[in-house]
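Please open the model in a viewer and keep the sequence panel at hand. The tour below proceeds by selection, with a description of what is found at each stop.

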Amino acid sequence: MPTNIHLSLVDYTILALYCAFVVGIGFALKRYMKTSADFFMSGRSIPAWVTGLAFLSANLGALELVGMAASGAKYGIATAHFYWLGAIPAMVFLAVFMMPFYYGSKARSVPEYLKLRFDERIRCFNSLSFAVMTVFASGISMNALAKLLNQLLGWNYDYSLWICSAVVLAYVLKGGLTSAIYTEVLQFFMIVLGFAPVVYLGLKDVGGWKVLNSTLAHVATDPDKLALTSKVYAPDAWTSAWKPLLGGASANPMGVDLFAMIFGLGFVLSFGYWCTNFLVVQRAMAAKNMTAARRTPLIAAVPKMLFPVLVILPGMIAAGLAYTGKDNYRLPPRMIMSEAYAKAIPAVQQAGAQNLDAQASLKLVGEAVGFKMNPEKVVALVKENAAKAMPEAALKARIQAAVSENDYDGVILSLVKKYCPPGMLGLALTALLASFMSGMAGNVTAFNTVWTYDLYQAYLAPNKSDGHYMNMGRIITVVGVLLSIACAYFASNYSNAMDIIQLVFGFVNAPLFATFVLGMFWKRTTSHGAFFGLLGGTAGSMIFHATTLAAGNVPGIKGGYLAVLATFPSEMAQNFWLASFAFGVCFLLTVVITLVTKRTKVDEELKGLVYSLTPKVADEGQAWYARPAFLGCVLLAVCVLMNILFC
Amino acid sequence: MGLDIRLPIGMMFTLIGLLLSISGYMTKADTAMYQCSLGININLVWGVILFAFGFVMLLLALLAKSVKEDAPKSAETAEVAR
């Protein structure tokens, strides 16, 4: 990426306005923070449309924005499975079946529900693992933001990290969960309104949807031209979501088979996230009454269904533009770090001095840089430099231009740079910044609630006054932000750390839904069954990971370090199968242990916690078309329609 | 919770919309600047749209506020009428 972006006065003003408003919202809400319930749960007073948009927004971190565009370029419309298969059904299920338990029971958090339903052991396990995961997620988000600001605008990494964290701390400390929710709604509109013009311009530039489809048909039959992959696919691989899937793992660029997609992603991972992750459930639990709480995920599902247009389409547009080479656009290459240049420049000079042949030059320079390089460009560069030594800046630029590995995460930014004049640029960048900061705010509010109620109040300091817990909440908010910053530094220094952390998240999340579904719908499930089932499921994830590998990976952090008992066509396939396996292990183990242990809770204690023992939520007061069950059916029908339209 | 979120959203987008439209209007003649956005003065066009969005939000917020103020008033008049 040769040039940094330069921001104009208008751009900086938009950025400053956003920061001023989010901090201002925090201060405006300060006077409503009277009890710990106000601080941690918004006093359960928020209208459904606000919690609905916050629910969606908390999930839509910047990493998803960037990642979906990346996947759109790599896999095409199949990425929409993460939405139309991997989100909507779970959101409807949460709204219709699970919200009555979360909202109706006395639980103030997801771990607390587990405690009421089972016992303290499983609450402890869930709250500890969630607390650690959420702080790391926050740190990863802030690290990505500071790196982006550094790469894109040349801002100092440390200043960016600390200043952005300070802004988030300011509004969360003052206004608690309500601040986080309100700014998430603001962020939602910023993202939609900030990126819609870029998508519009991109689509116009590429010639419209039909032309894009035919261009992507060419891409599918020749993905190597864009350095996407060296395999070849049928013409509809980038524009058809289901047909390539039906053709098996080798027929679609994701390398996933039908079962893994539907069961692994569509059921286990999807329901496991949307139905049990406190980050999103907390927003629904802040709603002003049961009806609003049940409507929250349904309201969120509407924009969620349409989001592929905003986040996946840009990736597909980028692939289309790069294929036609219009205006010399290409998918952004991986950026060479300054340390790598120190090795690369001598390598180029050495290749020229020793007069190495094409293959040897490519090998030498490629190893020094660490990425795949374009052979012709490398050879030409070595020859030119040997004939006449180039100035350092020009040499660096030529080496960077010769990188042929794509930086998919840079796709959305490359489109922003391409289409946005000063002014619009500030808006798009502020939208991106807003989503990173909102990611940190969401994680910190989930963390401070789980810490204060499920760890501090439960084990360390029970029976204190409400004011005491509110103070603890404020203190732990500061601690949470500081821990996130520490995690950000950790992630920035050890890129492997990020992979390990994501891995651990996967291990813990995969079996979790089995525990919840058995707890909520089978009154017989015992605490022993739930606890050991969950532990067993988590261990199952680890064992599965240690004994399987994706094609093309070496045993190590990607798996297979104990033995390679099975190979999968892609990492995504490995992930989906891991989730399915862990779910299965947890489910079976929980059932078996339950059947051989005695129940510790009587029916009376489980009222409001188990489906068969809870009076059905009285929907009679509402018109039939406003009932959650009906709305859920409508949403599912539209979802099926979307799948058919793009199958 | 006391603060209607539509108020800050409305305020922020009217301000940003105003900023972008003014910036777009003042650079109307600069065709080189808008080459990247396919010749469209995207600042002006989108600025106006954002301003309209912010305005609608503010309107909804103020309407909701006046409905809330009317409700106790109508209860009072009902009392007096009896």
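Which residues of H9(A) meet which residues of H1(B)? The model is a predicted one, and this helix pair is the starting point. Select Val185(A), Leu186(A) and Phe189(A) in H9(A), then Pro8(B), Ile9(B) and Met12(B) in H1(B): these are the residues that meet. By class, the residues of this contact divide into six nonpolar, no polar and no charged. Now display the two helix axes; they are 10 Å apart and make an angle of about 35°. The crossing of H9(A) past H1(B) is right-handed.

**Chain B and its side facing chain A**

Next, select the whole of chain B. It holds two helices and zero strands. Of its 82 residues, 30% count as buried. Among contacts in chain B with a separation of 6 or more, 72% are between residues 24 or more positions apart.

Restrict the selection to the residues of chain B that touch chain A. There are 23 of them, in contact with 32 residues of chain A. Helix H1 (6-26) and helix H2 (42-81) of chain B are the elements that give two or more residues to this side. H1(B) provides the largest share, nine residues. Coloured by class, this side of chain B shows 18 nonpolar residues, five polar and no charged.

**Domains and cores of chain A**

Turn to chain A and colour it by domain: domain 1 (10-325 + 413-493), domain 2 (338-405) and domain 3 (496-615). Between the C-alpha centres of domain 2 and domain 3 of chain A the distance is 48 Å.

The largest nonpolar core comes next, with 219 residues. Select Ile88(A), Met91(A), Val168(A), Val185(A), Met316(A) and Ala428(A), the residues with the most contacts inside this core. Helix H9 (residues 157-206) of chain A gives the largest share of the core, 23 residues. Domain 1 and domain 3 of chain A each supply at least three residues to this core. Val185(A) thus appears twice on the tour, as one of the core residues with the most contacts and as part of the meeting of H9(A) with H1(B).

What is in contact with Ile88(A), leaving aside its neighbours within four places in sequence? Select Tyr83(A), Ala301(A), Lys304(A), Met305(A), Leu635(A) and Cys639(A), which are the residues in contact with Ile88(A) on that basis.

A second core, separate from the one just described, has 18 residues, including Ala347(A), Met373(A), Val379(A) and Val382(A).

**An enclosed helix**

Select helix H13 (residues 278-285) of chain A. Eight of its eight residues are buried, so this helix is largely enclosed by the rest of the structure. The buried residues of H13(A) include Gln282(A) and Arg283(A), alongside Phe278(A), Leu279(A), Val280(A), Val281(A), Ala284(A) and Met285(A).

**Two buried residues in helices**

Move to Asp454(A), in helix H21 (residues 424-460) of chain A. Is Asp454(A) buried or exposed? Asp454(A) is buried, with 27 other C-beta atoms within 10 Å. Not counting residues up to four places away in sequence, Asp454(A) touches Ser109(A), Pro111(A), Glu112(A), Arg123(A) and Ser127(A). Draw the C-alpha distance from Asp454(A) to Glu112(A): it is 6.5 Å, for two residues 342 positions apart along the chain.

Then select Phe532(A), in helix H24 (residues 527-546) of chain A. Phe532(A) is buried because it has 20 other C-beta atoms within 10 Å, and the cut-off for a buried residue is 20 or more. With residues up to four places away in sequence set aside, Phe532(A) touches Leu589(A) and Ile593(A). Ile475(A) is 57 residues from Phe532(A) in sequence and 34 Å from it in space, C-alpha to C-alpha.

**Two loop residues with positive phi**

Most residues other than glycine have a negative phi. The last two stops depart from this.

Select Ala227(A), in the loop between helix H10 (209-221) and helix H11 (243-246) of chain A. Its phi is positive, about 60°, although Ala227(A) is not a glycine. Ala227(A) is partly exposed, with 17 other C-beta atoms within 10 Å.

Finally, select Asn355(A), in the loop between helix H16 (338-353) and helix H17 (358-369) of chain A. Asn355(A) likewise has a positive phi, near 55°. Asn355(A) is exposed, with 11 other C-beta atoms within 10 Å.

Definitions and conventions
Residues are numbered from 1 along each chain as its sequence is written. Chains are lettered from A and ligands numbered from 1 in the order in which they are written. This is a predicted model: local features need pLDDT of at least 70, side-chain atom pairs count only at pLDDT 80 or more; totals for chains, interfaces and linings use all residues. A nonpolar core is a set of buried Ala, Val, Leu, Ile, Met, Phe, Trp, Tyr and Cys residues joined through C-beta atoms within 7 Å. A residue is buried if 20 or more other C-beta atoms lie within 10 Å of its own, exposed if 12 or fewer, and partly exposed in between; C-beta atoms are placed from the backbone. Helices (H or I, at least four residues) and strands (E, at least two) are DSSP runs, numbered from the N terminus. Domain bounds come from an automatic or database domain assignment. Two residues are in contact if their C-beta atoms, placed from the backbone, lie within 7 Å. Ala, Val, Leu, Ile, Met, Phe, Trp, Tyr, Cys and Pro count as nonpolar, Asp, Glu, Lys and Arg as charged, and the others, Gly among them, as polar. Axes are lines fitted to C-alpha atoms, for helices over the stretch in contact, and angles run from 0 to 180 degrees between N-to-C directions. A crossing is left-handed if the near helix is turned anticlockwise from the far one by less than a right angle, and right-handed if clockwise.
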